[in-house]
Amino acid sequence: MADGSGFSHQLVASHRFPETTFDYTERDVAVYALGIGACGRDAVDEDELKYVYHENGQKSIQVLPTFSALFSVGIMMKGLDIPGLDYDPRLLLHGQQYIELYQPFPSSASLVNKSSLAGLHDKGKAAIAEIETKTYEKGSGKLLCMGRSTAFLRGAGGFSKSSQPYSYSTYPKDQIGAIEIPKSLPSAVFQDLTQPSQALLYRLSGDYNPLHSDPNIATVAGFSRPILHGLCTLGFAVRAVIKSICRGDANAVKNILGRFLLHVYPGETLITEMWLQGSRVFYQTKVKERNRAVLAGYVDLRHIPSAL
């Protein structure tokens, strides 16, 4: 069925993106860890040195779970070639990130990404697209993780001519739980300072959107200066959960959800509040200087550290 604009719902519902590959080495893993603040306050941090160095004779450095958010960045950077949508990819904003982790990540690997359009929603002046990516290890074929990236596409809305705005999703409504930040005192609070150059360091992991480095593009997008990548902020928040709740055990993380509420400027201080409820950690990250919430979500754990 097509609406008055010639937009084909069936075409979108069956849309698949070209299969992509993602190769990385230990150097990429270490650069990413530094990009999300690992060892930023203490170069020999006992919980985080393992992400950037072969600590205590370990054979390989460990990979942080949010590293998987990089696997589909190439698709977003090249532009989402979705039938009937027209937008400026430089002004794309990340709205939400969901990650399911099935296997530990090797310290270096060649991966295959299979991506599809999991959701599309007409918001009038903009559209929201949800891109689901399943990542497999090239050699073994093992499914390592599934990620779902939600992109806010300025100027791409208005394709629905019916009285009811077009909205489509392929996944169960209850697959991503609601985020209700508790009113009680948090189980833990972690404060971290981003560096003025944080976005320039993080972009070396592959997200070269000029919104995060070019002051002219930032001005066009309505910001006073380049902003921090939302996925970088997510990395800081999940690091806080691993350090404060998981006692440094990144393998305890099973699923991750993050909703980006507001931009962060490099150099600002992030305060992450965490509430442990069963095996789920709800979290909220605020910018200290503006006292504004910038990120909220949850982290599901495989096990609760015995020290808690």
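Which backbone nitrogen does the side chain of Asp207 reach? In this predicted model, the partner is the backbone nitrogen of Asn209, at 3.3 Å. To find the spot, look at the loop between α4 (198-202) and α5 (215-220), where Asp207 sits. What makes Asp207 worth a second look is its charge: Asp207 is buried, yet it has no salt bridge. The nearest side chain of opposite charge belongs to Arg203, and that one is 7.6 Å away. A salt bridge here calls for a distance within 4 Å, so Arg203 doesn't make the cut at 7.6 Å.

While you're in this part of the chain, here's a bit of context from a record. UniProt, in an unreviewed entry, places the feature "domain: MaoC-like" at residues 194-292. Over residues 194-292 the chain is 26% helix and 26% strand. The C-alpha atoms at the two ends of that stretch are 16 Å apart.

Now let's go hunting for charged pairs that do meet. How many salt bridges does a search of the whole structure find? The search turns up nine. One of them joins Arg239 to Asp192, with the closest N and O atoms 3.0 Å apart. This pair links distant parts of the chain: Arg239 belongs to helix α6 (residues 230-244) and Asp192 to strand β7, 47 residues apart. Are these two partners buried or exposed? Arg239 is buried, and Asp192 is buried too. They also have company, since Arg41 and Glu48 are linked with Asp192 and Arg239 in a network of salt bridges.

Next, swing over to Arg290, which forms a salt bridge with Glu268. Here the closest N and O atoms are 2.7 Å apart. Arg290 lies in the loop between β10 and β11, while Glu268 lies in the loop between β8 and β9 (269-277), so the pair ties together parts that are 22 residues apart in sequence. The two ends of this bridge have their own surroundings: Arg290 is partly exposed, with a relative accessible area of 28%, whereas Glu268 is buried, with a relative accessible area of 7%.

A further salt bridge runs from strand to strand. Glu273 pairs up with Lys286, and their closest N and O atoms are 3.9 Å apart. Glu273 is in strand β9 and Lys286 in strand β10, 13 residues apart, which again links distant parts of the chain. Glu273 counts as buried at 17% relative accessibility, and Lys286 is partly exposed, with a relative accessible area of 26%.

Time to look at how some strands line up. Strand β2 (residues 93-101) and strand β5 (residues 143-154) run antiparallel, joined by eight bridges. β2 also pairs with strand β8 (residues 253-260), again in the antiparallel sense, over five bridges. A handy landmark is Tyr98. In one direction, Tyr98 stands opposite Arg148 in β5; Tyr98 also stands opposite Leu257 in β8. If you'd like to trace the side chains along these strands, keep one general pattern in mind: in a regular strand the side chains alternate between the two faces of the sheet.

Two residues have backbone angles worth a stop. Cys39 has a positive phi of about 60° although it is not a glycine. You'll find Cys39 in the loop between α2 (26-35) and α3 (73-78), and Cys39 is buried, with a relative accessible area of 12%. Asn291, also a residue other than glycine, has a positive phi near 50°. Asn291 lies in the loop between β10 (280-287) and β11 (292-301). Is Asn291 buried or exposed? With 60% relative accessibility, Asn291 counts as exposed.

Let's finish at Ile181, in the loop between β6 (167-169) and β7 (188-193). Ile181 counts as partly exposed, at 23% relative accessibility. Which residues does Ile181 contact, leaving aside its neighbours within four places in sequence? They are Trp275, Tyr283, Gln284 and Ala296. For another sense of how the chain folds back, compare Ile181 with Asp300: the two are 119 residues apart in sequence and 15 Å apart in space, C-alpha to C-alpha.

Definitions and conventions. Residues are numbered from 1 along each chain as its sequence is written. This is a predicted model: local features need pLDDT of at least 70, side-chain atom pairs count only at pLDDT 80 or more; totals for chains, interfaces and linings use all residues. Side-chain values use heavy atoms; hydrogens and water are left out. Two strands pair if DSSP finds at least two bridges between them. Helices (H or I, at least four residues) and strands (E, at least two) are DSSP runs, numbered from the N terminus. Buried means under 20% relative accessible area, exposed over 50%, partly exposed in between (1.4 Å probe, protein chains only). Lys and Arg count as positive and Asp and Glu as negative; His and the chain ends are not counted. A polar contact is a pair of N or O atoms within 3.5 Å; within protein, one must be able to donate a hydrogen and the other to accept it, and residues adjacent in sequence count only if both atoms are side-chain atoms. UniProt positions are given in the numbering used here, feature names are shortened, and annotations may be inferred rather than shown by experiment. Contact means heavy atoms within 4.5 Å.
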